[in-house]
Amino acid sequence: MATKPKRQRAPLVKDRRQVIIEKIEARCEIVDTGYVLDGKPSPCHVWQGPTSGTGRGGNYGRMSLDGQTVATHIVAYTHYFGFVPGKKQIDHKCRQRLCCNPAHLEMVTHKQNQRRRDQALAEAA
């Protein structure tokens with residue numbers, strides 16, 4: 001009985017989502033900003049690439065995906081946790097707009113996001 005020739009395996013190709021998250025991680029610097037999560041220091045993954053500028057609502061990380069400019073923290077959140085509905089926002093619990101650490105990101109309503117911002121500003125004053 002003749003043996004069958006071994007099948008050649010196709011080379012492993014990274015899926016699109018993995019390529020995108022690696023692109024984000026490659027442009028982040030891990031920085032201890034003093035944020036504490038569950039009683040332990042939790043460094044921010046600070047985006048080093050392009051931003052949305054310095055105006056009101058600015059200084060969020062931006063990247064290009066398929067010719068569209070997107071917010072890096074939203075892409076990171078979507079990668080780890082899934083779809084973000086239209087009426088929701090992704091809040092940086094660490095208060096660092098350039099942070100892409102998924103442990104620091106939380107889906108909230110606009111009102112919750114504003115409340116947290118106002119509370120952080122009051123605590124800083």
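Begin by selecting Asp91, which is located in strand 7. The model on display is a predicted one. With a relative accessibility of 2%, Asp91 counts as buried. Display its side chain together with that of Arg116: the two make a polar contact at 2.8 Å. Then extend the selection to the surroundings of Asp91. Beyond residues up to four places away in sequence, Asp91 touches His104, Leu105, Glu106, Val108, Asn113 and Arg116.

**The overall fold**

Next, change to a cartoon view of the whole protein. Three helices and eight strands make up its secondary structure. Read from the N terminus, the order of the elements is α-β-β-β-β-β-β-α-β-β-α. Colour the residues by accessibility: of the 125 residues, 29% count as buried. Among contacts with a separation of 6 or more, 40% are between residues 24 or more positions apart.

**The largest pocket**

Return to Asn113, already met as a contact of Asp91, and display the pocket surface there. Asn113 belongs to the group of lining residues closest to the centre of the largest pocket, together with Tyr60, Gln89, Arg97 and Arg117. The lining comprises 22 residues, and the space in this pocket is about 630 Å³.

Which elements each supply at least two residues of this lining? Select helix 2 (72–81), strand 7 (88–92) and helix 3 (110–124) to see them. Helix 3 gives the most, with six residues. Coloured by class, the lining of the largest pocket shows seven nonpolar, eight polar and seven charged residues.

**The second largest pocket**

Move now to the second largest pocket, which holds about 160 Å³ of space. To outline it, select Arg16, Arg17, Ile20, Ile21, Ile24, Leu65, Ile74, Val75, Thr78 and His79. Helix 1 (16–26) and helix 2 are the elements that give two or more residues to this lining. Helix 1 gives the most, with five residues. The classes in the lining of the second largest pocket are six nonpolar, two polar and two charged residues.

**Helix 2**

Keep helix 2 selected, since Val75 and His79 have just appeared in a pocket lining. Which residues of helix 2 are buried? They are Thr72, His73, Val75, Ala76, Tyr77 and His79. In an α-helix there are 3.6 residues a turn, so residues three or four places apart point the same way. Show the elements around these side chains: the buried residues of helix 2 pack against helix 1, strand 4, strand 5, strand 6 (68–71), strand 7 and strand 8 (105–109). Follow the backbone just past the end of helix 2 to Gly82, where phi is positive, at about 105°.

**The cysteines**

Select Cys44, Cys94 and Cys99 and display their sulfur atoms. How many disulfides does a search of the whole structure find? The number is zero. The cysteine sulfur closest to that of Cys44 is in Cys94, at 3.7 Å, which is too far for a bond, because a disulfide requires sulfur atoms within 2.5 Å. Cys99 is likewise in no disulfide, as the nearest cysteine sulfur, again that of Cys94, is 3.8 Å away. Cys44 is buried, at 0% relative accessibility. Cys99 also has a relative accessible area of 0% and is buried.

**Two loop positions**

Select Pro50, in the loop between strand 4 (44–47) and strand 5 (62–65). Is Pro50 buried or partly exposed? Its relative accessibility is 43%, so Pro50 counts as partly exposed. Draw a C-alpha to C-alpha distance from Pro50 to Tyr60: the two are 10 residues apart in sequence and 8.5 Å apart in space. Tyr60 was seen earlier among the residues closest to the centre of the largest pocket. With neighbours within four places in sequence left aside, Pro50 is in contact with Arg27, Tyr60, Gly61 and Arg62.

Finally, select Ala103, in the loop between strand 7 and strand 8. At 32% relative accessibility, Ala103 is partly exposed. Its C-alpha atom is separated by 8.7 Å from that of Lys93, 10 residues away along the chain. Apart from neighbours within four places in sequence, Ala103 is in contact with Leu37 and Lys93. The tour closes on this loop, which begins after strand 7, the strand that holds Asp91.

How values were computed:
Residues are numbered from 1 along each chain as its sequence is written. This is a predicted model: local features need pLDDT of at least 70, side-chain atom pairs count only at pLDDT 80 or more; totals for chains, interfaces and linings use all residues. Side-chain values use heavy atoms; hydrogens and water are left out. On a 1 Å grid over the protein atoms alone, a cavity is a set of points where a 1.4 Å probe fits but cannot get out, and a pocket is an open set with protein on both sides within 12 Å along at least five of seven lines; lining residues have an atom within 4 Å of a point. Grid points are joined across faces, edges and corners, and a volume is the space filled by probe spheres set on the points. Helices (H or I, at least four residues) and strands (E, at least two) are DSSP runs, numbered from the N terminus. Ala, Val, Leu, Ile, Met, Phe, Trp, Tyr, Cys and Pro count as nonpolar, Asp, Glu, Lys and Arg as charged, and the others, Gly among them, as polar. Buried means under 20% relative accessible area, exposed over 50%, partly exposed in between (1.4 Å probe, protein chains only). A polar contact is a pair of N or O atoms within 3.5 Å; within protein, one must be able to donate a hydrogen and the other to accept it, and residues adjacent in sequence count only if both atoms are side-chain atoms. Contact means heavy atoms within 4.5 Å.
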